[in-house]
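Here is a short briefing on one protein chain. Look over the sequence and the model first, then read the notes by topic.

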Amino acid sequence: MFDETKLYLNTDEALDVIAPRHTRNDWRYKGVGPAYIKLGGLRIAYSGKDLNEWLRERRIEPADRLVPAAA
């Protein structure tokens with residue numbers, strides 16, 4: 001989904017697919033969300049590789065609903 005060779009600044013609209021900027025800011029404060037890079041001051045960036053890894057970790061494979069549950 002993200003270019004793995006690119007750094008995405010926190011202001012980049014492409015990141016809004018993950019969450020709005022205020023939510024990403026809150027995640028960093030709480031120590032959750034994707035890994036990030038602090039560039040100095042208030043500048044934050046995300047690596048495309050880290051973003052893709054974070055998304056893969058959250059992938060959910062729906063259970064096959066056609067298979068009856070074991071009794």
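The notes below run from the overall fold to single residues.

This is a predicted model. The protein chain holds two helices and three strands. Their order from the N terminus is β-α-β-β-α. Mean pLDDT for the protein chain is 92.

**Confidence**

- In the protein chain, 89% of the residues have a pLDDT of 70 or more.
- Of the elements, α2 has the highest mean pLDDT, at 98.
- The lowest mean pLDDT among the elements belongs to β2, at 94.

**Burial, surface and contacts**

- The protein chain has 71 residues, and 24% of them count as buried.
- Its accessible surface is about 5,600 Å².
- Carbon and sulfur atoms contribute 55% of that surface.
- Among contacts with a separation of 6 or more, 47% join residues 24 or more positions apart.

**The hairpin of β2 and β3**

- Strand β2 covers residues 37–40, and strand β3 covers residues 43–47.
- The two strands pair in the antiparallel sense, over three bridges.
- One partnership involves G40, whose bridge partner in β3 is R43.
- Two residues lie between the strands of this hairpin.
- G41 has a positive phi in this hairpin, near 60°.

**Aromatic pairs and a charge over a ring**

- How many aromatic pairs does a search of the whole structure find? The search finds three.
- One of them joins F2 and Y8 in an edge-to-face arrangement. The ring centres are 5.1 Å apart, and the planes meet at 80°.
- Both F2 and Y8 are buried.
- Another pair is W27 with W54, with ring centres 5.5 Å apart. Their planes stand at 50°, so this pair is tilted. Edge-to-face would need over 60 degrees, and stacked would need under 30.
- The W27–W54 pair links distant parts of the chain, 27 residues apart. W27 sits in helix α1 (residues 21–30), and W54 sits in helix α2 (residues 48–57).
- W54 has a relative accessible area of 11%, so W54 is buried.
- R28 lies over the face of Y36, and the distance to the ring centre is 5.7 Å.

**S47, in strand β3**

- S47 belongs to strand β3.
- Is S47 buried or exposed? S47 counts as buried because its relative accessibility is 14%, and the cut-off for buried is under 20%.
- S47 and L7 are 40 residues apart along the chain, yet their C-alpha atoms are separated by 4.6 Å.
- Leaving out residues up to four places away in sequence, S47 touches K6 and L7.

**G48, in helix α2**

- G48 is part of helix α2.
- G48 has 0% relative accessibility, so G48 counts as buried.
- The C-alpha atoms of G48 and Y8 are separated by 6.9 Å, with the two residues 40 apart along the chain.
- Which residues does G48 contact, leaving aside neighbours within four places in sequence? They are F2, D3, E4, K6 and Y8.
- Two of these contacts, F2 and Y8, also form the edge-to-face pair.
- K6 is in contact with G48, and K6 is also touched by S47.

Definitions and conventions. Residues are numbered from 1 along each chain as its sequence is written. This is a predicted model: local features need pLDDT of at least 70, side-chain atom pairs count only at pLDDT 80 or more; totals for chains, interfaces and linings use all residues. Side-chain values use heavy atoms; hydrogens and water are left out. Two strands pair if DSSP finds at least two bridges between them. Helices (H or I, at least four residues) and strands (E, at least two) are DSSP runs, numbered from the N terminus. Rings of Phe, Tyr and Trp (its six-membered ring) pair if their centres lie within 6.5 Å; planes under 30 degrees apart count as stacked, over 60 as edge-to-face and the rest as tilted. Buried means under 20% relative accessible area, exposed over 50%, partly exposed in between (1.4 Å probe, protein chains only). A charge sits over a ring if NZ of Lys or CZ of Arg is within 6 Å of the ring centre and within 35 degrees of the ring normal. Contact means heavy atoms within 4.5 Å. Accessible areas come from the Shrake-Rupley method with a 1.4 Å probe; for residues, only the protein chains shown count as cover. pLDDT is the predictor's confidence in each residue, from 0 to 100.
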